[in-house]
Amino acid sequence: MLFTEDFLHYVWKFRLFERANLQTTTGDIIEILSAGMHNTDSGPDFGNARIKIGDTLWAGNVELHLSSSDWKKHKHSKDNAYDNVILHVVYRDDEPVILPNGRQIPTLELKDRIPDELFNRYHNLVFGTQTIIPCEASIGKLDDFTLKTWFTRVLIERLEKKSTAVITALNLNRGDWEETFYQFLAANFGFKTNAVPFELLAKSLPQNILAKHKNNPLQIEALIFGQAGFLNNDLTDEYPRKLKKEYEFLRKKFNLIPIDNHLWKFMRMRPQNFPTIRLAQFAALVINSNHLFSKVLDIKDVKSLQKLFIDIKVTPYWADHYQFDKPSKPSSKSMGQASAGLLLLNTLALFLFSYGRHNQQQYYIDRSLKLLENLPGEQNNIIADFDSLGVKASSAFESQALLELKNYYCNYKKCLQCGVGNKILKLA
């Protein structure tokens, strides 16, 4: 059977081995007062341990290996960071470890002290046959408290990772939260398929230029469609011709360079999701919501935040058009509740969290989590797989946590670092 050093760490950390009559390989009695703090960086595996060996109480580091000879293979004797190791814990002892100063490091062998039942549970969990996740046979039987506690932990991890990109962009924007929010919101208006051209559009058209024309809807839409590259060709309808005329003037005024029109994708999309409609909605949002991030910080209830997007009214021209110069049957071009929910999830919740974390204001972090709790869970293959295992995502809080769990724990079989995996090992 396979045996990993991670499992040995797990056994030591939670003292899941037979502790009666512990002795070093040379016969000295061992009493473990503290196993130490697990170190995930370079250096010894556990720090600040307190262990009594014979009549002497030691405080220092503990190093773990599958075989004691691994000490030499890993060249620890040449690394001063390991000079303060007070105990070498190994699965099997195959040779003593002697430091350059002649001191032999006390060694504890665990080969005959790990319960077979625990090892079998671990082996079945990590190396068994699974189709979705390692613990698929057990996760649906866990209590809600265990799941929700771990969901909170992995959701925070997910938001912390995502907030790194926000703060990086914030620094590039010289601390301007409004501009940074505008860029991320634009990218998310592309809903994956057109995220890149939307982001390029926002970066090519700073918000301060739009703010100078906030009282002129025609110029706002001209700037957005012009920078998107949709006003380069000859146009027939009166409205797009007006936009083109306005854009040609504004382009020269602000020395603007439009992005490549060919970046936008229309293929295999419902007309309601065409980039032209999303751009019209984005323009309407810009027209009606100056200093949008400040509004997000002030608005506390979810319904009012949703209304910022659901109540968007595009220019009447789009009532019977999906593209310029191509009439269609009249239809509503309002943003749907599902699309608005994704914008709240991917932009507003993330920015509330990032703002609170960056400014050390727990109030905004709590608002971010509360917002996710009040949004419906996403629907995708990963969430459907968890649902088939009896784990249902009733909110975006839970669906985002499940995505993080699957992508960064289950896929890499990090069961020993997972609260769910730990619980299953202890309960099975």
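Two strands pair if DSSP finds at least two bridges between them. The model shown in these views is a predicted one.

**View 1. Strand β5 and its two partners, β4 and β6, as seen through their bridges.**
In this predicted model, strand β5 covers residues 85-92 and pairs with strand β6, residues 107-109, in the parallel sense over three bridges. Within this pairing, His-88 stands opposite Thr-107 in β6. Strand β4, which covers residues 56-67, also pairs with β5 in the parallel sense, here over six bridges, and Ser-67 of the one stands opposite Arg-92 of the other. Seven of the eight residues of β5 are buried, so this strand is largely enclosed by the rest of the structure.

**View 2. The largest nonpolar core and the surroundings of Ile-224.**
The largest nonpolar core holds 133 residues, and those that touch the most other members are Phe-7, Trp-12, Val-62, Leu-87, Phe-189, Ile-224 and Phe-309. Helix α13, which spans residues 337-358, gives this core its largest share, namely eleven residues. The close-up centres on Ile-224, which, when its neighbours within four places in sequence are left aside, is in contact with Leu-201, Leu-205 and Leu-210, as well as with Leu-279, Phe-282, Ala-283 and Val-286. Another core, of six residues, lies apart from the largest one, and Val-85, Val-97, Leu-99 and Ile-105 are among its members.

**View 3. The largest cavity and the residues around its centre.**
A search of the whole structure finds three cavities of 30 Å³ or more, and the largest of them contains about 150 Å³ of space. Its lining is made up of 15 residues, of which Tyr-182, Gln-207, Val-286, Ser-289 and Asn-290 are the closest to the centre. Helices α5, α7 (207-211) and α10 each contribute at least two residues to this lining. Sorted by class, the lining of the largest cavity has ten nonpolar, four polar and one charged residues. Val-286, which belongs to this lining, is also one of the residues in contact with Ile-224.

**View 4. The second largest cavity, with helices α16 and α17 in its lining.**
About 60 Å³ of space lies in the second largest cavity. The residues that line this cavity are Pro-134, Cys-135, Leu-405, Tyr-409, Cys-410, Lys-414, Cys-415, Cys-418, Val-420 and Gly-421. Helices α16 (396-410) and α17 (419-427) each supply at least two of the lining residues, and the largest share, three residues, comes from α16. By class, the lining of the second largest cavity divides into eight nonpolar, one polar and one charged residues.

**View 5. The largest pocket and the helices that contribute to its lining.**
The largest pocket contains about 670 Å³ of space and is lined by 19 residues, with Lys-162, Asn-188, Lys-192, Asn-346 and Glu-378 lying nearest its centre. At least two lining residues come from each of the helices α4 (144-172), α5, α13 and α16, and α13 provides the largest share, which is four residues. The lining of the largest pocket comprises nine nonpolar, six polar and four charged residues.

**View 6. The second largest pocket, with Lys-13 and His-38 among the residues nearest its centre.**
About 450 Å³ of space lies in the second largest pocket. Of the 16 residues that line this pocket, Lys-13, His-38, Thr-40, Leu-416 and Gln-417 lie nearest its centre. Helices α1 (5-13), α4 and α17 each supply at least two residues of the lining, and the largest share, four residues, comes from α1. By class, the lining of the second largest pocket has six nonpolar, six polar and four charged residues.

**View 7. Phe-191 and Asn-255, two loop residues with a positive phi.**
Phe-191 lies in the loop between α5 (177-189) and α6 (195-204), and its phi is near 45 degrees, a positive value in a residue other than glycine. With a relative accessible area of 22%, Phe-191 is partly exposed, because the buried class ends under 20% and the exposed class begins over 50%. Asn-255 lies in the loop between α9 (238-254) and α10 (275-288), and this residue, although not a glycine, has a positive phi of about 55 degrees. Asn-255 is exposed, with a relative accessible area of 68%.

Key. Residues are numbered from 1 along each chain as its sequence is written. This is a predicted model: local features need pLDDT of at least 70, side-chain atom pairs count only at pLDDT 80 or more; totals for chains, interfaces and linings use all residues. Side-chain values use heavy atoms; hydrogens and water are left out. Buried means under 20% relative accessible area, exposed over 50%, partly exposed in between (1.4 Å probe, protein chains only). A nonpolar core is a set of buried Ala, Val, Leu, Ile, Met, Phe, Trp, Tyr and Cys residues joined through side-chain atoms within 4.5 Å. Contact means heavy atoms within 4.5 Å. On a 1 Å grid over the protein atoms alone, a cavity is a set of points where a 1.4 Å probe fits but cannot get out, and a pocket is an open set with protein on both sides within 12 Å along at least five of seven lines; lining residues have an atom within 4 Å of a point. Grid points are joined across faces, edges and corners, and a volume is the space filled by probe spheres set on the points. Ala, Val, Leu, Ile, Met, Phe, Trp, Tyr, Cys and Pro count as nonpolar, Asp, Glu, Lys and Arg as charged, and the others, Gly among them, as polar.
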